[in-house]
Amino acid sequence: MSAVVLGAGMHPWGKWGRPFTEYGVAAARAALRDADLAWTDVQYVVGAGTIRNGYPGFVAGATFAQAMGWSGARIASCYAACASGAQALDIARTRILAGLCDVAMVVGADSTPKGFFKPVGGDRPDDPDWLRFRLLGATNPAYFALYARRRMALYGDTAEDFAAVKVKNALAGSLNDNARYRRTVTAGQVLDSPMVADPLRLMDICATSDGAAALVLASEDFARRHGARGPVRLAAVSTVTPSFPDTVLGLPDFATDSTAAVPPPERTFRASIAHAAYEEAGLGPGDLSFAEVYDLSTALELDWVEEIGLCPPGEAGKLLRAGDTSLGGRIPVNPSGGLASFGEAVPAQAIAQVCELTWQLRGRAGSRQITGARVGLAANQGLFGHGSAIIATT
Amino acid sequence: MDAPVIDGWFTVDGGTAHLLGTRCADCRTVCFPPRTGFCPNPRCAGENLAETRLSRRGTVWSYTNACYPPPTPFVAAEPYTPVTLAAVELAEEGIVVLGQVKDLTVEELHVGMELELTWGPLADGPPVWMWGRP
Ligand SMILES: [Zn+2]
């Protein structure tokens, strides 16, 4: 028994300046059309929350349910930073697997301000996210840059390698109607863009965007009765936390855990996220047809390629340079164009990754279709240790 | 010295800066920032976390800078000069601690080099710990 995806929908990503609810409703309606269901067929709705839209963002489930028209459906709202969408999906899937409902809707949407993400406002010295800005000025890109520089020192990666990730993802994004950035770019353009956090430049770092994504999930029985042919199955949803001691400095922390008493765990946090998904699905990296990973920066995509097990640590650059991770390559990574092409709309992005898995696995990804796609993995990571990985199969 | 930007995370003693962490009396796990209540080691029931001064020298785990002024609540100097940041690994504690870097640019840093704890003022006055040349 598994939960299946009956419908996937998005609102195109960009800077539209409208309320997040509008984007969410547009995505939800698109997912319902795709599933050939009415809103009133949905028994359970989960809204992935956003802190940037005030109270309606915190209680996103109710906000979307009201905007769609109160239907009496059961409801949940969840906030887990960048993992919000994956957690929302986990909640809906678990309800279905428990037999408590047949049809569930998962929606995430955001309207973001321009520039760096900032902490919640006010004077908040008890909030580590506020403190990292106040004491150090440590923005999100600063953390991505620490990882990027570490790759350069450990593995000899170069700024040209990082630029090549952007070139690859921009090419894929140019084939995606929902992507915000539809232009291909050259390595020269990336390398000429302004330095933001050395060694990362403006075009190495994903922008903040408005956007939305939604999924209609159902039980296999319902899908069969509904006449769905070969629906995409959710084989695993990983929501693991790190194992102590977490030795890679994570957003928004000032320090790692100490290894004074306990040696580091076998896997880094990011690697453990993917590992838990593989265990749950009974699959391994060798089974993947493609992966969507969290390219908050170009260099971070290379970390993820290693941490989801596509190659040993330090060798993602080699895969990239061989074209293995490009569309048409051996194991395409971020065929959607990734965050490089979409930008961040936090509660929507993990859901958007699963939309791409769905379209690819159905063989309906248009000109970016991966031939014979059978198994896809989507991985990301939420602030303060929210793991997020999803494996979908045909 | 003005009052530090945050209480209890570092001290300047006779002109020498020290980061203040906690050490679990039961399993010896060290924490920075200092912690109250319970040891973070999931297999330790320790509740006796004593203040400890962290090693003052460590090696660079990684580093970067902020080429654009960070947003509030950071207070940027005017004119703005890029803030340098380093994550420094302290061998004895087995911990990596992030901090601003004093008087060094990214061109002068490399992974593995040794830095020493110092301190300096934020643009609006209060002192904060910083990593500097030994
Ligand atoms: Zn302990």
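C39(B) is buried in this predicted model, its relative accessible area being 8%. This cysteine is one of the protein donors of the zinc ion, the others being C24(B), C27(B) and C44(B). Each of them contributes its SG atom, at 2.3 to 2.4 Å from the zinc ion.

The burial of the donors is listed below.

| Donor | Relative accessible area | Class |
|---|---|---|
| C24(B) | 0% | buried |
| C27(B) | 16% | buried |
| C39(B) | 8% | buried |
| C44(B) | 15% | buried |

C27(B) is classed as buried because its 16% falls under the 20% cut-off. C44(B), with 15%, is buried because that value is also under 20%.

Along the chain, the donors of the zinc ion are spaced as C-x2-C-x11-C-x4-C. The geometry of the zinc site is tetrahedral, with angles of 103 to 116° among the four donor atoms. The number of disulfides over all chains is zero.

A separate feature concerns helix packing in chain A. Helix α10 of chain A spans residues 269–281, and helix α11 of chain A spans residues 298–307. The two helices pack with their axes 9 Å apart, at an angle of about 50°. α10(A) and α11(A) are therefore oblique to each other, since the angle lies outside the ranges for roughly parallel (under 35 degrees), roughly perpendicular (65 to 115) and roughly antiparallel (over 145). The crossing of α10(A) and α11(A) is right-handed.

Technical notes: Residues are numbered from 1 along each chain as its sequence is written. Chains are lettered from A and ligands numbered from 1 in the order in which they are written. This is a predicted model: local features need pLDDT of at least 70, side-chain atom pairs count only at pLDDT 80 or more; totals for chains, interfaces and linings use all residues. Side-chain values use heavy atoms; hydrogens and water are left out. Donors are N, O and S atoms within 2.8 Å of the metal (3.2 Å for Na, K and Ca); water is not among the atoms, so sites may look incomplete. Four donors count as tetrahedral if all angles lie between 85 and 135 degrees; four count as square planar and six as octahedral if opposite donors are over 155 degrees apart and all others between 65 and 115; anything else is irregular. Buried means under 20% relative accessible area, exposed over 50%, partly exposed in between (1.4 Å probe, protein chains only). A disulfide is a pair of cysteine sulfur atoms within 2.5 Å. Axes are lines fitted to C-alpha atoms, for helices over the stretch in contact, and angles run from 0 to 180 degrees between N-to-C directions. Helices (H or I, at least four residues) and strands (E, at least two) are DSSP runs, numbered from the N terminus. A crossing is left-handed if the near helix is turned anticlockwise from the far one by less than a right angle, and right-handed if clockwise.
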